[in-house]
Amino acid sequence: MTTVEQPHSRLVVLAGPTAVGKGTVAAAMRAEHPEVWISVSATTRAPRPGEVDGVHYLFVSDEEFDRMVAEDELLEWAVVHRAARYGTPRRPVEEALAAGRPAMLEIDLQGARQVRRTMPEALFVFLAPPSFEELERRLVGRGTETAAERERRLATAHEELAAESEFDVTIVNHEVPAAVQELVTLIRSGSARPAH
Ligand SMILES: Nc1ncnc2c1ncn2[C@@H]1O[C@H](COP(=O)(O)OP(=O)(O)OP(=O)(O)O)[C@@H](O)[C@H]1O
Ligand SMILES: Nc1nc2c(ncn2[C@@H]2O[C@H](COP(=O)(O)O)[C@@H](O)[C@H]2O)c(=O)[nH]1
C-alpha cells in the first residue's frame, strides 16, 4: 500500500498572553524572514505612537469594522481585553496561501479558537513567558497602557495562560532571536503537527 503524506497547511497561528512578545517576535520575523507572509489585522483601537496604518494595523472606525463583519471580510474577529475589536482580513490570507507562501497570524486566544474551527489544519503556536512576573515586567516596561488597562490585560492573561494546552506547540519567549528561530524551524519543517 502506498502511503500518501498528508499535505501540511502553511498557516501558523501565533497567540499568547498580553506583552509576552508576540508583536516583537512577529516584527523580527518580518525583518529577518520576509518569505513568511504576516497578516495585518484590522482594529478599532487608536494607533500608539510610532504605529503606521497599513503596516502595524489597519486602523478602522467602528462603522468600517461593522461593514467588514457584515460583508464577511474577516477570517476571525474578537473584542480583545474588553477594549477594542481586532480581526484578520480573509482575502490576503487566502491569497498568500494560494501563492504557496507560509503565512502567519498573530492574534488573541478567541481568534485562534475561531481559526481552529474553520482551518483545523493550521499549526497553533502558543508563545509563553518565562514567568508571570516577567510578563508583568514586560507589560509595565512597554509603557503603552494606563494602570487600569494593564490590570484588564493581566486579568485576560490568566485566562490565556490557562489555555496553553489547546495549542499544538509552546515556544517560551526567553530571547527574541531564539523564539524566532524556533518558529521558523517549525514553519520550515512543514509543521510536524500532532494529531488532536
Ligand atoms: N524575549 C524578550 N525579552 C525581554 N523583553 C521582551 C521580549 N520579547 C518582547 N519583549 C518586550 O516586551 C514588551 C511587550 O512585547 P510586545 O508588545 O511584542 O508583546 P505582545 O505579546 O505583542 O503584547 P500585546 O498582546 O499586548 O499586543 C515590549 O516592550 C518588548 O520589547
Ligand atoms: N482575534 C484577534 N486578535 C488580534 C488580532 N490582531 C491583534 N490581535 C491581538 O490583540 C491583542 C492586543 O493587541 P495590541 O496591539 O492592542 O496590544 C494582542 O493579543 C493581539 O495578538 C486579530 O486580527 N484578531
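Which residues lie nearest the centre of the largest pocket? In this predicted model, they are Lys-22, Gly-23, Arg-48, Tyr-57 and Glu-106, which belong to a lining of 37 residues.

**View 1. The largest pocket and the elements that line it.** The largest pocket of the predicted model has a volume of about 900 Å³, and Lys-22, Gly-23, Arg-48, Tyr-57 and Glu-106 can serve as landmarks because they are the lining residues nearest its centre. At least two residues of the lining are supplied by each of the helices α1 (22-32), α5 (132-142) and α6 (147-161), and likewise by each of the strands β5 (74-80) and β6 (84-89). The largest share of the lining, 6 residues, comes from α1. Sorted by class, the lining consists of 14 nonpolar, 11 polar and 12 charged residues.

**View 2. The second largest pocket.** With a volume of about 190 Å³, this is the second largest pocket of the model. Its lining includes Val-79, Val-80, His-81 and Arg-82, together with Asp-108, Leu-109, Gln-110 and Arg-113, and also Thr-156, Glu-159 and Glu-160. Strand β5, helix α4 (109-118) and helix α6 each contribute at least two residues to this lining, whose members divide into 3 nonpolar, 3 polar and 5 charged residues.

**View 3. Thr-43 and its surroundings.** Thr-43 is found in strand β3, which covers residues 42-43, and it counts as buried because its relative accessibility is 0%, where buried means under 20%. A polar atom of the Thr-43 side chain lies 3.1 Å from the backbone oxygen of Arg-85. When neighbours within four places in sequence are left aside, Thr-43 is in contact with Tyr-57, Leu-58, Phe-59 and Val-60, and also with Ala-84, Arg-85 and Tyr-86.

**View 4. Strand β7 and its two parallel partners.** Strand β1 (residues 11-15) pairs with strand β7 (residues 103-106) in the parallel sense over 4 bridges, and within this pairing Leu-14 has Glu-106 as its bridge partner in β7. Strand β2 (residues 37-38) also runs parallel to β7, to which it is joined by 2 bridges, and here the bridge partner of Trp-37 in β7 is Ala-103. Glu-106 can be found again in the first view, where it is one of the lining residues nearest the centre of the largest pocket.

**View 5. Ala-128 in strand β8.** Ala-128 is found in strand β8, which covers residues 123-128, and it is classed as buried because its relative accessible area of 6% falls under 20%. Not counting residues up to four places away in sequence, Ala-128 touches Val-20, Thr-170, Ile-171, Val-172 and Asn-173. Ala-128 and Ala-19 are 109 residues apart along the chain, and their C-alpha atoms are separated by 10.0 Å.

**View 6. Arg-117 in helix α4.** Is Arg-117, which has its place in helix α4, buried or exposed? Arg-117 counts as exposed because its relative accessibility is 64%, where exposed means over 50%. Between Arg-117 and Arg-101, which are 16 residues apart in sequence, the distance in space is 22 Å from C-alpha to C-alpha. Helix α4 also appears in the second view, as one of the elements that each supply at least two residues to the lining of the second largest pocket.

Notes
Residues are numbered from 1 along each chain as its sequence is written. Chains are lettered from A and ligands numbered from 1 in the order in which they are written. This is a predicted model: local features need pLDDT of at least 70, side-chain atom pairs count only at pLDDT 80 or more; totals for chains, interfaces and linings use all residues. Side-chain values use heavy atoms; hydrogens and water are left out. On a 1 Å grid over the protein atoms alone, a cavity is a set of points where a 1.4 Å probe fits but cannot get out, and a pocket is an open set with protein on both sides within 12 Å along at least five of seven lines; lining residues have an atom within 4 Å of a point. Grid points are joined across faces, edges and corners, and a volume is the space filled by probe spheres set on the points. Ala, Val, Leu, Ile, Met, Phe, Trp, Tyr, Cys and Pro count as nonpolar, Asp, Glu, Lys and Arg as charged, and the others, Gly among them, as polar. Buried means under 20% relative accessible area, exposed over 50%, partly exposed in between (1.4 Å probe, protein chains only). A polar contact is a pair of N or O atoms within 3.5 Å; within protein, one must be able to donate a hydrogen and the other to accept it, and residues adjacent in sequence count only if both atoms are side-chain atoms. Contact means heavy atoms within 4.5 Å. Two strands pair if DSSP finds at least two bridges between them.
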